[in-house]
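Work through the exercises below with the sequence and the coordinates open. Each task is followed by a solution in steps.

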Amino acid sequence: MAKGTHDSAPDPRNAHILISVNGELKPRAEAVVSVFGSGFVLGEGVWEGLRVHKGRIAFLHRHLDRLYEGAKAIAMDIGLDRDALTRRLYETLDAN
């Protein structure tokens, strides 16, 4: 695997994960985004790091509050409401 911009320790649990791309679960090697997307071209975006404990996402409501507030601040449409995003997160978590 190519070295990224941040140091990290390889974790074999991540070798075969599935990643949700526009609602479709894809193997890690196939999970790509367009270089023509605004996140890539303009560098715009918001993100939240999530921690999973015993199959549940810790403090999910707080994370979603920050995510949607950050998106609002840059006039970014996340494209999913909170319920749909929560379902998508748990679908991805359950698939892995």
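**Exercise 1. The lining of the largest pocket**

Task: Find which helix gives the most to the lining of the largest pocket.

Solution. Step 1: α3 gives the most to this lining, with five residues. The model is predicted: local features need pLDDT of at least 70 and side-chain atom pairs count only at pLDDT 80 or more, while totals for chains, interfaces and linings use all residues. Residues are numbered from 1 along each chain as its sequence is written, and side-chain values use heavy atoms, with hydrogens and water left out.

Step 2: Fix the terms. Helices (H or I, at least four residues) and strands (E, at least two) are DSSP runs, numbered from the N terminus. On a 1 Å grid over the protein atoms alone, a pocket is an open set of points where a 1.4 Å probe fits, with protein on both sides within 12 Å along at least five of seven lines; lining residues have an atom within 4 Å of a point.

Step 3: List the contributors. β1, α1 (38-41), α2 (60-73) and α3 (82-95) each supply at least two lining residues.

Step 4: Give the volume, which is about 1800 Å³, taken as the space filled by probe spheres set on the points, with grid points joined across faces, edges and corners. Of the 36 lining residues, I19, S20, E48, L85 and L89 are the closest to the pocket centre.

Step 5: Sort the lining by class. There are 22 nonpolar residues (Ala, Val, Leu, Ile, Met, Phe, Trp, Tyr, Cys and Pro), three charged (Asp, Glu, Lys and Arg) and eleven polar (the others, Gly among them).

**Exercise 2. The hairpin**

Task: Describe how β1 and β2 are joined.

Solution. Step 1: Strand β1 (residues 18-21) and strand β2 (residues 24-27) run antiparallel and share four bridges; strands pair if DSSP finds at least two bridges between them.

Step 2: V21 has E24 in β2 as its bridge partner. The two strands form a hairpin with two residues between them.

Step 3: Examine the turn. N22 is found in the loop between β1 and β2 and has a positive phi of about 55° although it is not a glycine. Most residues other than glycine have a negative phi. N22 is exposed (over 50% relative accessible area, 1.4 Å probe, protein chains only), because its value is 77%.

Step 4: Look for another such residue. A75, in the loop between α2 and α3, also has a positive phi of about 55° and is not a glycine. A75 is exposed, with a relative accessible area of 72%.

**Exercise 3. Two residues of α3**

Task: Is T92 buried or exposed, and which residues does R88 contact outside its sequence neighbourhood?

Solution. Step 1: T92 lies in helix α3. T92 counts as buried (under 20%) because its relative accessibility is 17%.

Step 2: Not counting residues up to four places away in sequence, T92 touches L18, S20 and L25, where contact means heavy atoms within 4.5 Å.

Step 3: R88 lies in helix α3 too. R88 is partly exposed (between the 20% and 50% limits), since its relative accessible area is 23%.

Step 4: Leaving aside neighbours within four places in sequence, R88 is in contact with S20, N22, G23 and L80. R88 and L25 are 63 residues apart in sequence, and their C-alpha atoms are 9.9 Å apart in space.
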